[in-house]
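Let's take a friendly walk through this model together, one region at a time. Please have the sequence and the 3D view open as you read.

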Amino acid sequence: ISAQQLLSGGDILLAVWLAGGNRMLVRYSPQSDVQWHSVTVRPSVQPAKNVQMAVSETFAFVMRDDQLMAMQLADGQDVVLPLTSRGLKDIAARGARLALLDRDGIHFYGLPDFAPLGDAGVLPANLESVALLDEDALVGAAADGSVWVWRSSWARLDIPENVLVREVSGGRDGTFWALQETSSGAFSIAQYSPEEGKLAEWVPQVEDGKVVAISGSPDSDSFVASLVLPDVQRTVAIRRKKDGGGWEFVFDKKITASSGFGWANGKLVASSAELPEELKVNLAENPLDPSVPRTLTLRAVANDTGTGLSTTDGLPLLHITEQAGFGRVMLLRGETPNTARFFQGDGACVEEYQVSGLDDIISFDAGTIEMTGMGEAPSPPPVEPGEE
């Protein structure tokens with residue numbers, strides 16, 4: 001997961017990097033029967049070093065390094081951007097407004113036609129993160145950890161001593177969320193009002209992981225955060241309890257590094273040297289040739305055409321997926337006769353498939369193919385009846 005946004009109504013939009021060199025926007029809708037919905041998938045040469053995302057009423061904006069792209073939020077269709085930017089650093093969107101932070105300053109645009117709405121004048125500091133608030137206001141976090149608000153002019157906000165704000169995200173009713181770091185190196189997430197100061201603060205426990213990115217909700221006291229632990233990436237949605245008595249998790253998903261997955265103590269594990277790749281199955285009697293052996297050894301395979309099952313000498317038998325990028329596969333006996341459990345992994349995700357009807361595999365003589373040094377020999381011309 002490269003970036004995330006918490007949408008109005010509670011949906012979560014994720015920018016993700018997939019196996020096989022693809023990137024995708026996926027929307028999670030907890031109230032929908034189909035909770036996961038792919039907005040768009042497109043090829044990419046390599047992961048970007050810096051990915052930021054912003055969402056307006058109708059558009060999803062994604063910044064990959066200093067390149068900006070826009071898609072329709074409803075269907076993922078590309079949007080032509082009539083904008084120019086030099087050294088893009090961050091993006092922010094809210095309602096029908098868009099703000100771009102680049103090396104020349106902050107520029108505002110009206111949506112959906114991208115009409116220029118001016119800029120924020122001379123920046124008061126080296127801003128690195130910006131967020132749009134209600135009533136045309138903007139908040140920014142600077143490289144030195146200071147926080148600034150713009151409403152036709154800049155004003156510095158008072159924040160607690162020994163606190164450095166690293167990222168800001170818009171909240172509801174003119175508030176904003178701040179990813180902040182203390183002088184001791186501890187991270188927390190706080191909700192601020194430009195007028196009232198700090199309203200609330202969530203401090204993760206050691207077992208929760210280190211917070212690396214946040215996104216606030218525009219219509220509720222909740223936020224999404226990305227956290228990291230050794231070999232684990234975690235995405236959580238957290239909200240303030242209505243009675244003001246603390247916090248509650250409403251979404252919690254983990255991705256565990258699993259490029260070395262395998263089998264240990266009778267279960268799937270993220271790392272193991274035990275990787276069964278072959279399975280012997282018993283076959284039904286071959287009606288074409290009852291004398292052929294009734295056992296067959298299957299092998300799990302992965303290559304640039306996808307994944308599947310083959311014989312031990314390389315004859316393809318069954319395609320399971322047609323997507324490249326899975327570097328590790330495993331094959332186990334299923335829970336019922338004549339079935340198998342097939343696992344494939346891309347480093348971040350391990351998928352499992354159940355294959356049934358394995359006893360129905362039969363062999364038959366399909367004739368011979370003449371091979372030459374250049375490959376398959378051409379077939380001889382057909383002989384008409386009566387010709388020698």
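Leu288 makes a good starting point: with a relative accessible area of 58%, this residue is exposed, because exposed means over 50%. Please keep in mind throughout that the model is a predicted one. Leu288 sits in the loop that runs between strand S26 (278-282) and strand S27 (295-303). Together with Ile362 and Phe364, Leu288 forms a nonpolar patch on the surface. The accessible area of these three residues together comes to about 340 Å².

From the surface we can turn to a covered strand. Strand S31 (residues 340-345) has five of its six residues buried. What does S31 pair with? On one side of the story is strand S30 (residues 328-333), which runs antiparallel to S31 and is joined to it by six bridges. Within this pairing, Leu331 has Phe342 of S31 as its bridge partner. S30 and S31 make a hairpin with six residues between the strands, and here Asn338 adopts a positive phi near 65°.

S31 also pairs with strand S32 (residues 350-355), again in the antiparallel sense and over six bridges. Here the bridge partner of Ala340 is Val355, in S32. These two strands form a hairpin as well, with four residues between them. In that turn, Gly347 has a positive phi of about 105°.

Next, go back along the sequence to Arg97, in strand S9 (residues 97-102). Is this arginine buried or exposed? Its relative accessibility is 16%, so Arg97 counts as buried, the cut-off being under 20%. The side chain of Arg97 makes a polar contact with the side chain of Asp136, at 3.5 Å. Setting aside neighbours within four places in sequence, Arg97 is in contact with several residues, including Tyr109, Leu111, Leu132 and Asp134.

Ala200, in strand S19 (residues 197-202), is another residue to look at. Ala200 has a relative accessible area of 12% and is buried. Not counting residues up to four places away in sequence, Ala200 touches Ile189, Ala190, Gln191, Arg240 and Trp247. For a sense of scale, Ala200 and Phe61 are 139 residues apart in sequence and 29 Å apart in space, C-alpha to C-alpha.

Now for the charged pairs. How many salt bridges does the structure hold? There are 15 salt bridges. In one of them, the side chains of Asp11 and Arg27 meet at 2.9 Å, N to O. Asp11 lies in the loop between strand S1 (3-6) and strand S2 (12-18), while Arg27 belongs to strand S3 (residues 22-28), so the pair ties together parts that are 16 residues apart in sequence. Asp11 is buried, with a relative accessible area of 14%, whereas Arg27 is partly exposed at 21%.

A salt bridge also joins the side chains of Asp104 and Arg86, at 2.9 Å, N to O. This pair links distant parts of the chain, 18 residues apart: Asp104 is in the loop between S9 and strand S10 (105-110), and Arg86 is in the loop between strand S7 (67-72) and strand S8 (90-94). Asp104 is partly exposed, with 43% relative accessibility, and Arg86 is partly exposed with 47%.

Our last stop is the salt bridge between the side chains of Asp252 and Lys254, at 3.8 Å, N to O. Through salt bridges that share partners, Asp208, Arg234, Asp252 and Lys254 are joined into one network. Within that network, Asp252 is partly exposed, with a relative accessible area of 31%.

Technical notes: Residues numbered from 1 in each chain as written. Predicted model: local features only at pLDDT ≥ 70, side-chain atom pairs only at ≥ 80, totals over all residues. Heavy atoms only, no water. Patch = residues over 30% accessible without salt bridge, like charges linked within 9 Å, V, L, I, M, F, W, Y side chains within 5 Å. Areas by Shrake-Rupley, 256 points an atom, 1.4 Å probe, with all protein chains shown as cover. Salt bridge = Lys/Arg side-chain N within 4 Å of Asp/Glu carboxyl O. Buried < 20%, exposed > 50% of the residue type's maximum accessible area, 1.4 Å probe, protein only. Pairing = 2+ DSSP bridges. Polar contact = N/O pair within 3.5 Å; in protein donor to acceptor, adjacent residues only side chain to side chain. Contact = heavy atoms within 4.5 Å.
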